[in-house]
Amino acid sequence: MSYYKEKIFKSPSIEELRSKLEAALKEEGFGILTEIDVQATMKKKLDKDYPPYLILGACNPVFADKVIQAEPHIGALLPCNVTIRGLEDGQFEVAIMDPISAMAAVQNPEIEPLAGEVKEKLERALNSI
């Protein structure tokens, strides 16, 4: 079982792709809570050059509330990470985490169907870009 699903895009810029991604996630009830600019961080901390690479922490508050109620420690696995990564050929990869794989470690049957619903929403967002 893979812990992510990815799709490759031709886009003039990471910013344009990010805008489309955020709009697709919003349609599914997600907002972006956190952002890590891996490229900038690695340059600043290690003086290493990386291609564009963003990690976005996406959250759907309705589902977050449900899983936190069922499993209070689940915050260690939230939010749902979505990445945008520049590839060598000028294309970009968008990858979404698989909530079913992430939540499997918790072994709480109450959250299994919720993880499935979140996975469907994330996949719809990815496929709609």
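The exercises below, each with a worked solution, concern a predicted model.

**Exercise 1. Packing of two helices**

Determine how helix α3 and helix α5 are oriented relative to each other, and which residues of the two helices meet.

Solution. Begin with the two elements themselves: helix α3 covers residues 61-70 and helix α5 covers residues 112-128, and they pack at an angle of about 160° with their axes 10 Å apart. Next, compare this angle with the cut-off, since angles over 145 degrees count as roughly antiparallel; α3 is therefore roughly antiparallel to α5. The crossing of the two helices is left-handed. Then look at the side of each helix that takes part: α3 contributes F63, K66 and V67, and these meet L114, E117, V118 and K121 of α5. The residues of this contact comprise four nonpolar and three charged ones, with no polar residue among them. The spacing of such positions can be read against a general rule, namely that an α-helix has 3.6 residues a turn, so residues three or four places apart point the same way.

**Exercise 2. The surroundings of N108**

Establish whether N108 is buried or exposed, and find the partners of its side chain.

Solution. First place the residue: N108 belongs to the loop between α4 (99-104) and α5. The relative accessibility of N108 is 9%, and because buried means under 20%, N108 counts as buried. Then follow the side chain, which makes a polar contact of 2.8 Å with the side chain of E71, while a polar atom of the N108 side chain also lies 2.8 Å from the backbone nitrogen of E110. Finally, setting aside neighbours within four places in sequence, N108 is in contact with A70 and E71.

**Exercise 3. Two residues with positive phi**

Describe the backbone and the accessibility of D47 and of Q107.

Solution. Take D47 to begin with: D47 is not a glycine, yet its phi is positive, at about 55°. D47 follows α2 and sits in the loop between α2 and β3 (53-59). With a relative accessible area of 58%, D47 is exposed, because the cut-off for that class is over 50%. Now turn to Q107, which is likewise not a glycine and has a positive phi of about 55°. Q107 is placed in the loop between α4 and α5, and its relative accessibility of 68% makes Q107 exposed.

**Exercise 4. The start of α2 and a cis peptide bond**

Identify the side-chain oxygen that approaches a backbone nitrogen at the start of helix α2, and then locate the cis peptide bond between L78 and P79.

Solution. Helix α2 spans residues 38-46, and at its start a side-chain oxygen of D37 reaches to within 3.2 Å of the backbone nitrogen of Q39. For the second part, L78 and P79 are joined by a cis peptide bond with an omega of about -5°; P79 itself lies in the loop between α3 and β4 (80-86).

**Exercise 5. A glutamate in a strand**

Work out whether E93 is buried or exposed, and which residues it contacts beyond its sequence neighbours.

Solution. E93 is part of strand β5, residues 92-97. The relative accessible area of E93 is 12%, and E93 is therefore buried. Once neighbours within four places in sequence are left aside, the contacts of E93 are with E6, K7, I8, T83, I84, R85 and L87.

Note on methods
Residues are numbered from 1 along each chain as its sequence is written. This is a predicted model: local features need pLDDT of at least 70, side-chain atom pairs count only at pLDDT 80 or more; totals for chains, interfaces and linings use all residues. Side-chain values use heavy atoms; hydrogens and water are left out. Helices (H or I, at least four residues) and strands (E, at least two) are DSSP runs, numbered from the N terminus. Buried means under 20% relative accessible area, exposed over 50%, partly exposed in between (1.4 Å probe, protein chains only). Contact means heavy atoms within 4.5 Å. Axes are lines fitted to C-alpha atoms, for helices over the stretch in contact, and angles run from 0 to 180 degrees between N-to-C directions. Angles under 35 degrees count as roughly parallel, over 145 as roughly antiparallel, 65 to 115 as roughly perpendicular and the rest as oblique. A crossing is left-handed if the near helix is turned anticlockwise from the far one by less than a right angle, and right-handed if clockwise. Ala, Val, Leu, Ile, Met, Phe, Trp, Tyr, Cys and Pro count as nonpolar, Asp, Glu, Lys and Arg as charged, and the others, Gly among them, as polar. A polar contact is a pair of N or O atoms within 3.5 Å; within protein, one must be able to donate a hydrogen and the other to accept it, and residues adjacent in sequence count only if both atoms are side-chain atoms.
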